[in-house]
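Me: I'd like to learn how to read burial, packing and empty space in a protein model. Could you walk me through it?

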Amino acid sequence: MSEVMGLKAKLGLNVFKEDKEFHIRIKPGREKDERLKKAVIVCPSGLYSANDAGDVEISVDGCLECGTCLIACGEEVLEWHYPSGGAGVQFRFG
Amino acid sequence: MEKFDVIIVGGGLAGLSAAYTLAQEGLETLVLERGDYSGAKNVTGGRMYVNPIRDLFPDLWKKAPFERFIAREEVSIMAEERSVTMQYDGNELAQEPYQSFSLLRGKFDKWFAREAERKGAMLVSKARVDDVIMEDGKVVGVRADGDELRADVVIACDGVLSFIAEKAGLRKPLASKNYAVGCKEIIEMDRQLLEDRFNLQGDEGMARLYMGDVTGGSFGGGFLYTNKESLSLGIVVGIDALLENEEAFKAPELLDRFKQRPEIASLIKGGQTAEYSAHVIPEGGVKAMGSLYGSGILVAGDAAGFSMNIGVTVRGMEYAMASGYYAAQAVMAAKARNDFSGASLAEYKKLLDKSFVMEDFNNFKESLDVLDHSRFFTFYPELAGSIMRDLYAVPAGAKDRIFPTIKKHMTVGEIFGIARDMWRLRKI
């Protein structure tokens with residue numbers, strides 16, 4: 001198993017249940033906030049990326065609800081809730 | 001309107017321990033769990049130490065669905081090109097009562113939830129709690145999915161981010177220096193292959209911690225635990241340390257880099273990754289803790305910050321279970337007095353202070369400051385590796401004498417540096 005399994009493939013192994021809304025959002029007007037760049041580094045699922053314009057974007061599919069982005073970036077730039085009851089990742093092993 | 005004696009937010013180990021204890025004594029206890037089942041949102045590195053909590057739950061352990069008892073402890077110090085491993089085993093670890101067990105939360109918590117239900121606790125899953133209900137400065141219940149649910153006491157066991165403690169005004173702001181992130185893979189492996197590879201008999205298991213280059217020199221480490229038919233392999237790294245690392249590794253890259261080390265690749269060969277998980281870990285100790293109680297509310301487990309990294313042992317689950325147990329004791333005492341004010345519930349803190357929980361946290365209150373020291377993650381791993389390399393090297397020509405070989409690595413400056421580091425360690 002020396003070849004590296006891509007993050008997408010790894011996340012594809014998990015059980016995720018869809019939510020009716022995005023549980024994490026970048027607060028409007030904060031897309032260029034420097035603090036968001038931290039999320040690109042720390043997110044275990046690699047869900048944050050900076051686009052060509054320097055705006056940080058998030059795609060919540062594959063979120064492990066670990067909380068790392070909230071702690072690294074802070075509540076001023078992220079609107080962060082847990083997914084609705086019964087939605088989101090459901091760990092079988094944990 | 002429905003009213004309970006106690007509402008517990010979060011059906012993980014703290015919440016279930018509280019529920020199990022309260023229901024056993026006949027209190028009407030409701031547990032609200034946001035996952036499909038208890039354990040669905042929980043992540044552990046992989047092992048629980050049973051000794052400190054064995055007597056708090058005397059009937060629990062016999063049927064507990066642990067994976068393997070840890071009969072062998074290993075620590076690997078990784079330098080960039082080499083690693084040095086120490087192993088500790090023998091009768092002491094292989095005899096009952098066993099000190100620690102590997103486990104999977106998906107299995108363990110699900111089972112523990114059933115045990116709590118058997119005692120009479122009421123569990124509702126797929127229920128996210130959105131807010132606490134406050135009246136006259138007192139917590140009187142919670143809002144979940146639009147419903148108002150009331151209780152004499154709410155116990156916040158909602159994990160490291162604890163929005164419930166925050167809403168009740170008990171939590172300190174989340175400062176990144178007090179938290180680490182763990183990323184882990186479950187790697188399934190044929191039981192026979194696993195036992196042969198790790199030299200395990202029956203239910204024996206091994207635990208190995210990795211220090212040094214695992215985290216690219218940042219505060220943190222790696223772990224490998226053997227389960228029945230899988231391995232728990234992962235890394236833990238301080239969030240600030242990760243952000244400050246000059247090589248700017250992303251968290252998932254660190255885990256991949258760790259997996260690709262030849263020392264690890266050979267251990268997981270033939271296994272199949274079955275799940276990828278991650279979680280924040282509170283590591284700030286006493287200094288980062290907010291209030292543990294308020295009027296009508298208690299905070300337990302990760303929500304209270306009860307997790308500790310002191311290098312070779314990283315613990316949280318025992319503290320979660322013990323704090324859940326003591327929260328239940330405090331609630332029962334408050335019920336006997338029919339007084340659920342902050343002053344009455346303060347008994348929780350007193351019980352914790354007298355227990356191993358706060359004793360450990362007070363003893364190790366400096367551990368984060370002491371251990372978050374780059375020399376422990378770069379200099380010493382390289383030093384240990386280099387000494388081993390030179391001791392074992394047989395060159396083409398004559399081999400150097402042993403004393404000068406070691407002395408070469410230990411200049412006067414280095415010896416002072418080591419002495420300074422030892423002095424640093426006196427605090428823990």
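Reply: Happy to! Let's begin with a term: a residue is buried when its relative accessible area is under 20%, and exposed when that area is over 50%. Keep in mind that this is a predicted model. A good first case is helix 11 of chain B, residues 347–354, where Tyr348(B), Leu351(B) and Leu352(B) are buried.

Me: Why do the buried residues of helix 11 of chain B line one face of the helix?

Reply: The general idea comes from helix geometry: an α-helix has 3.6 residues a turn, so residues three or four places apart point the same way. Here, looking down the axis of helix 11 of chain B, the buried residues fall within an arc of 100°, so they line one face. The face turned away from that buried side carries Lys350(B) and Lys354(B), which are exposed.

Me: Which elements do the buried residues of helix 11 of chain B pack against?

Reply: Their partners are also in chain B: strand 17 (297–299), helix 9, helix 10 (342–345) and helix 12 (356–363).

Me: How should I read a nonpolar core, and which residues touch the most other members of the largest one?

Reply: In soluble globular proteins, nonpolar side chains tend to be buried together. In this model the largest nonpolar core has 86 residues, and Met48(B), Ile155(B), Phe306(B) and Tyr348(B) touch the most other members. Helix 9 of chain B, residues 317–337, gives the most to this core, with 13 residues. Tyr348(B) links back to our first case, as one of the buried residues of helix 11. If you set aside neighbours within four places in sequence, the contacts of Phe306(B) include Met289(B), Tyr319(B), Tyr348(B), Leu352(B) and Phe361(B). Another core, of 61 residues, lies apart from the largest one; among its members are Cys69(A), Tyr82(A), Phe249(B) and Leu254(B).

Me: Leu254(B) sits in helix 7 of chain B. How many residues of that helix are buried?

Reply: Seven of the 10 residues in helix 7 (251–260) of chain B are buried, so the helix is largely enclosed by the rest of the structure. The buried set holds Ala251(B), Pro252(B), Leu254(B), Leu255(B) and Phe258(B), together with Asp256(B) and Lys259(B).

Me: Now for empty space. How many cavities of 30 Å³ or more are there?

Reply: A cavity is space where a probe fits but cannot get out. The count here is four cavities of 30 Å³ or more. The largest has about 180 Å³ of space. Its lining has 23 residues, with Ala288(B), Met289(B), Ala303(B), Ala304(B) and Gly305(B) nearest the centre. That lining divides into 13 nonpolar, six polar and four charged residues. The second largest cavity has a volume of about 90 Å³. Of its 15 lining residues, Cys43(A), Cys63(A), Leu64(A), Cys66(A) and Cys69(A) are closest to the centre.

Me: What about an open space: which residues lie nearest the centre of the second largest pocket?

Reply: The second largest pocket has about 460 Å³ of space. Nearest its centre, out of 24 lining residues, are Phe16(A), Val60(A), Asp61(A), Gly62(A) and Cys63(A). By class the lining has nine nonpolar, seven polar and eight charged residues. Helix 1 of chain A gives the largest share, three residues.

Me: One last check: is Gly137(B) buried or exposed?

Reply: Apply the cut-off from the start: Gly137(B) has a relative accessible area of 58%, so it is exposed. Gly137(B) is in the loop between strand 8 (129–135) and strand 9 (138–144) of chain B.

Definitions and conventions
Residues are numbered from 1 along each chain as its sequence is written. Chains are lettered from A and ligands numbered from 1 in the order in which they are written. This is a predicted model: local features need pLDDT of at least 70, side-chain atom pairs count only at pLDDT 80 or more; totals for chains, interfaces and linings use all residues. Side-chain values use heavy atoms; hydrogens and water are left out. On a 1 Å grid over the protein atoms alone, a cavity is a set of points where a 1.4 Å probe fits but cannot get out, and a pocket is an open set with protein on both sides within 12 Å along at least five of seven lines; lining residues have an atom within 4 Å of a point. Grid points are joined across faces, edges and corners, and a volume is the space filled by probe spheres set on the points. Ala, Val, Leu, Ile, Met, Phe, Trp, Tyr, Cys and Pro count as nonpolar, Asp, Glu, Lys and Arg as charged, and the others, Gly among them, as polar. A nonpolar core is a set of buried Ala, Val, Leu, Ile, Met, Phe, Trp, Tyr and Cys residues joined through side-chain atoms within 4.5 Å. Buried means under 20% relative accessible area, exposed over 50%, partly exposed in between (1.4 Å probe, protein chains only). Helices (H or I, at least four residues) and strands (E, at least two) are DSSP runs, numbered from the N terminus. Contact means heavy atoms within 4.5 Å. The arc is that of the directions from the helix axis to the C-beta atoms.
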